[in-house]
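Here is a structure to read through questions about its labels. Each answer sets a value against a definition.

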Amino acid sequence: MSTMVYDKTDKGREEISTRKNQLSSRLRTILVMIDGRHSLEDLLRNFAGVGVTADSVKELLQEGYIFLASGEEPAAAAPKLPASARARQVARRVAGAEGAHHDDVHDDGPAPLPAVASAEAPSAQALAESQLDDATRFRHLYDFYNQTIKSTIGLRGIMLQLKVEKCNNVDDFRALRLQYLEAVLKAKGSEMARSLRGRLDELLGGKPVHDDFTLPDN
């Protein structure tokens, strides 16, 4: 049997950003863990402690929050859901029809938003000029935290990701800054922490007046 890898649909990403459908906290947590990279086997093995089961994944699939990005469903799987434009793009990439890098189909979705989790983060000047409203800034911060926690801390960052899920506004994300940067420093060292601190402060609208986070001298 081929390895099954699931990713969020447009509906799934919208639910994460807006809580529009008031998904249960259990399913919402599982939805966060599904990122188009971890196989179902990995999810069941590594995230069982937060309630990930085959049935819960199937429930998200049936409700249209996720889609099968690669692999094949078992014979008795739920009917195939209509794929979004992004879903079709991912499917073509998996099939070898496109040679695009994985980052080209990150969880940014089809909307023309800055790829805040990529190396091409917007400058402070660009952010100031864009005059982001709170809702847009919230989404950018949410994406930034989730993507960078996954890429720099990995499975050890699961508790930090759960705290990200509890954030309801930009101030909540600001309060998480110190813990996030200390975790990045521990996992990846000073250079990565310095780089991500700069990007995060741009998204937060500026460095805090009293910055409790300090980098080692060397």
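The questions below concern a helix, salt bridges and a strand.

This is a predicted model, in which local features need pLDDT of at least 70, side-chain atom pairs count only at pLDDT 80 or more, and totals for chains, interfaces and linings use all residues. Residues are numbered from 1 along each chain as its sequence is written, and side-chain values use heavy atoms, with hydrogens and water left out.

Q: How do you know that the span of helix α10 agrees with its number of residues?
A: Helices are DSSP runs of H or I with at least four residues, strands are runs of E with at least two, and both are numbered from the N terminus. The expected span is 1.5 Å times one less than the number of residues. For the 15 residues of α10 (190–204) that gives 21 Å, and the end C-alpha atoms lie 20 Å apart, so the two agree.

Q: What makes Arg-177 and Asp-201 a salt bridge?
A: The rule asks for a side-chain nitrogen of Lys or Arg within 4 Å of a carboxyl oxygen of Asp or Glu. Here the N to O distance is 2.7 Å. Arg-177 lies in helix α9 (residues 170–188) and Asp-201 in α10, so the pair ties together parts 24 residues apart in sequence.

Q: Why is Asp-201 called buried or exposed?
A: Buried means under 20% relative accessible area, exposed over 50%, and partly exposed in between (1.4 Å probe, protein chains only). Asp-201 has 7% relative accessibility, so Asp-201 counts as buried.

Q: Why is Glu-191 called buried or exposed?
A: Its relative accessible area is 59%, so Glu-191 is exposed.

Q: What makes β2 largely enclosed?
A: In this strand (residues 66–70), 4 of the 5 residues are buried, so the rest of the structure largely encloses β2.

Key:
Two strands pair if DSSP finds at least two bridges between them.
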